[in-house]
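Here is a short tour for anyone meeting this structure for the first time. Take a look at it, then read on.

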Amino acid sequence: MPTEEIRVSGTVQGVGFRPTVYRLAKACGLRGDVCNDGQGVLIRVSGSEEAITEFVARLQTECPPLARINQLTRIIYENELKFDDFVISPSVSNAIKTEITPDAATCRQCQQEIFDPFSRFYRYPFTNCTHCGPRLSIIRAIPYDRCNTSMSAFAMCPECAKEYHDVENRRFHAQPVACHACGPTAWLERADGKPVTASMFSMLDDVDAVCTLLQKGEIVAIKGLGGIHLACDATQEATVQKLRQRKRRYHKPFALMARDIEIIEQYCTINAKEKELLTSPAAPIVLLQVKGRKGDRENLFTPNSLDIASSVAPGQNTLGFMLAYTPLHHFILRRMNRPIILTSGNLADEPQCIDNDEVREKLGTIANYFLFHNREIINRVDDSVVRVVGDKVQTIRRARGYAPSAISLPPGFHNLPQILAMGSELKNTFCLLREGEAILSQHLGDLENAAAFNAYQETLNLYLNLFEHQPEVIAIDKHPEYLSSKLGKELTDINQIKTYSIQHHHAHIAACMAENGIPLDSPPVLGIALDGLGYGDDGTLWGGEFLLADYRKFKRLATFKPVAMVGGKQAIYQPWRNTYTQLISANLWDDCQQQYADLEIVKFLNKKPLKLLNQLIEKGINSPPASSVGRLFDAVAAAIGICPDECSYEGQAAIAMEAIVDVSSLNNHKETLIYPFSFSFSDSIYCIDPRPMWQALLNDLQQQIPQPVIAAKFHKGLANAIVEMVKHLCQENLISQVALTGGVFQNCILLEQVTKGLQILGIKVLTHSLVPANDGGLSLGQAVIAAAQLIHEC
């Protein structure tokens, strides 16, 4: 009777895969065994050839909900092995090649149990099974067994142990399985240290009491799945403002959580794709259109009959909503008929707190109460953020629910040495490359903050240990001052391995190519990388680039006209600086003093220390030229009166301008509703010059054209200029594919307008979905470029 060894790799541990194997093997009349090991799942079966073939087919079609088979290989044994039955064998420790499953939202069956008074899991806030619950956030090592997680501190009671060992049970080998009798517990504390008395609330338990606290206008720090969140009632303006002041997050939108879809639908329109994302196991924050006419400034997010606080998302026409994704959240929201804010538990720019003592120390001046539990969070995992553009998902922040799922690499990226890519300075992720797949870390934030950089190093060490990853090559960004690049160089010096310095925008384009499955040896694509800035090959700052690129190399074909970023980093947070330097660069400042002196922006700029700025520009002091489209957006926004003086986060002005775009002007194809840009060719490179746009914009301001119309004309004009440049470059270089990447392409209007224009020309457009277009996807691009260059050298 034939005997086969079947090796399955992918997301196959901690997801109920072995019970499925057991059930199918029994159904097919097979004997043998199955076990977890460092490479995935190993199955040995003995039976008829037909039965084994049926078993393999059913294994792929009846995969558990959270499982993903990347590869299945079969080897026929020459000699038959003797098995009496089919059994599940203990895990085997060997070289780590398997994946770690992302944390998953509470499944429907567990939701039913926690609200069923006759279930032993009734109102237990840490209920889970093989289809849901913590994974990445609690794991210390692979294989994914209880002893390698923070659940090792909790010995299973007899009932949990019985379910854990029952192959027919949904909790068979669910490593975090627990109940009231044996598992983690949650409790409420006051931030001032005074005791919490039951008589204060008369609620079911401490978790239920949190709902009452939120309804009363309190701010509560809640220990969740991958970190601490700060929560308050999203309908109480005074409380939301208090949270902003205490957290020092003055304008950036807050994320919202709701009990169910029906509550979200009171505030936002939701299409089928967005609903699917909200209710998926990943349960990300989904950016949704606020009800009201898009482009009508009066219908931006302001108080209405539903009484949601206007300061939740100032200057936005979208809201970031997620559904309850743990039993703890379900209990808190059971009696909550309105949304709550659920934002990262930290001070501005610091990493999210994960430890109870850290919360008492750092968040005691922000929250009034703490809801703690005693299950240790091993790995900090923030909430993911996505949106739907057209019919495609766009990932903005890849974290809980998605990381660290491996991304399969295109043909040509196999049989490589292990590679580590360090990522960028902002919105950092790092990437481990191995055997045809990329493992991207969760979002780690901005490394400029010392605490965030320390957390980055801790997470990197954890991943290297978890995956037994020993990089033979390290890829870094070319910017000499990025902390991630400096750390990468230190690691290469210590370990005596090779370093590849990767140009920022080339990495953006390569990331887009890789996630779209472009093979290693494909012809070059035209990559359009628009962002805030990145270090260019010529030592200047780039941010509006047209690169003819493959994975190994690139050629810069076109750019936007470089303009001084006077004050350096200050220009990111003071948009007026960009407006002024754009007008100077366009030789329009003298005209502003004569023809446009009555404009608000001109009056505003004349109050600034322009003499000093002129000296800085003339002498080249802290005023690096940058071709940044991100700063162009800021300049236009400030010119029309949006955040001209100060921004509290990068891109605030540009995002607010996108929110007010007038839809009717956007859909009107009259040339008078499109701002013009000019083109030039010098030093073997084309250049897009916004000077004509500025002239037309100043005229519109003088004629008091409404902000939303000007915003629409700018978006259309910029998109039109990009499409025209692509048309010319594609004809000149025989290009058939264009990759759109960089943080600026998170602007839905620009992305849709450019995509539509290119598709009309018959050009295939590559965009991001699996990884962010912003710097959160940069490490993937760094890794594949390093791999391609290494292969080329060999």
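How does Arg44 count at 26% relative accessibility: buried, partly exposed or exposed? At that value, Arg44 counts as partly exposed. Keep Arg44 in mind, as this residue comes back further down when we get to charged pairs.

## The whole chain

First things first: what you are looking at is a predicted model. The chain's secondary structure adds up to 25 helices and 31 strands. Its radius of gyration is 28 Å, close to the 28 Å that the globule rule gives for 794 residues, so the chain is as compact as a globular protein of that length. Put a box around the C-alpha atoms along the principal axes and you get roughly 95 × 70 × 50 Å.

How much of the chain is tucked away? Of its 794 residues, 61% count as buried. On the outside, the chain exposes about 30300 Å², with carbon and sulfur atoms supplying 49% of that area. Distant stretches of sequence meet a lot here: among contacts with a separation of 6 or more, 73% come from residues 24 or more positions apart.

## Charged pairs

Side chains of opposite charge can pair when their charged atoms come close. Searching the whole structure turns up 37 salt bridges. One of them joins the side chains of Lys26 and Asp85, at 2.7 Å from N to O. Lys26 sits in helix α1 (residues 17-27), while Asp85 is in the loop between β4 (68-76) and β5 (86-88), so this pair ties together parts that are 59 residues apart in sequence. Lys26 counts as partly exposed, at 37% relative accessibility. Asp85 also has 37% relative accessibility and counts as partly exposed.

Now back to Arg44, whose side chain meets that of Asp33 in a salt bridge of 2.8 Å, N to O. Here the link runs between two strands: Arg44 belongs to β3 (residues 40-46) and Asp33 to β2 (residues 31-37), so the pair ties together parts that are 11 residues apart in sequence. Arg44 is the partly exposed residue from the opening question, whereas Asp33, at 11% relative accessibility, counts as buried.

## A longer reach, and a network

Which residue does Asp233 form a salt bridge with? The partner is Arg338, and the closest N and O atoms are 2.7 Å apart. Asp233 lies in strand β8 (residues 228-233) and Arg338 in the loop between α9 (327-333) and β13 (340-344), so the pair ties together parts that are 105 residues apart in sequence. Asp233 is buried, with a relative accessible area of 0%, while Arg338 is partly exposed at 26%.

Some charged residues go beyond simple pairs. Glu113, Arg120, Glu163, Arg170 and Arg171 are linked in a network of salt bridges.

## Two buried threonines

Thr130 is found in the loop between α3 (108-114) and α4 (158-164). With 5% relative accessibility, Thr130 counts as buried. A polar atom of the Thr130 side chain lies 2.9 Å from the backbone oxygen of Arg170, and Arg170 is also a member of the salt-bridge network. Setting aside neighbours within four places in sequence, Thr130 has contacts including Gly14, Val15, Leu66 and His173. Leu66 is 64 residues away along the chain, yet its C-alpha atom is 8.4 Å from that of Thr130.

The other threonine, Thr395, lies in strand β16 (residues 392-397). At 6% relative accessibility, Thr395 counts as buried. Its side chain reaches the backbone oxygen of Ser769 at 2.6 Å. Beyond neighbours within four places in sequence, Thr395 is in contact with Val385, Val386 and a run from Ser769 through Leu770, Val771 and Pro772 to Ala773.

## A helix with two faces

Which residues of helix α18 (residues 610-619) are buried? They are Leu610, Leu613 and Leu616. Viewed down the axis of α18, the buried residues fall within an arc of 120°, so they line one face of the helix. The spacing fits a general pattern: an α-helix has 3.6 residues a turn, so residues three or four places apart point the same way.

The buried residues of α18 pack against α15 (575-585), α16 (589-594) and α17 (600-606). Turned away from that buried side is a face carrying the exposed residues Lys611, Glu618 and Lys619. Just after α18 comes Gly620, with a positive phi of about 65°.

Definitions and conventions. Residues numbered from 1 in each chain as written. Predicted model: local features only at pLDDT ≥ 70, side-chain atom pairs only at ≥ 80, totals over all residues. Heavy atoms only, no water. Buried < 20%, exposed > 50% of the residue type's maximum accessible area, 1.4 Å probe, protein only. Helix = DSSP H or I, 4+ residues; strand = E, 2+ residues; numbered from the N terminus. Arc of directions from axis to C-beta. Contact = heavy atoms within 4.5 Å. Salt bridge = Lys/Arg side-chain N within 4 Å of Asp/Glu carboxyl O. Polar contact = N/O pair within 3.5 Å; in protein donor to acceptor, adjacent residues only side chain to side chain. Rg over C-alpha atoms; globule rule 2.2 N^0.38 Å. Areas by Shrake-Rupley, 256 points an atom, 1.4 Å probe, with all protein chains shown as cover.
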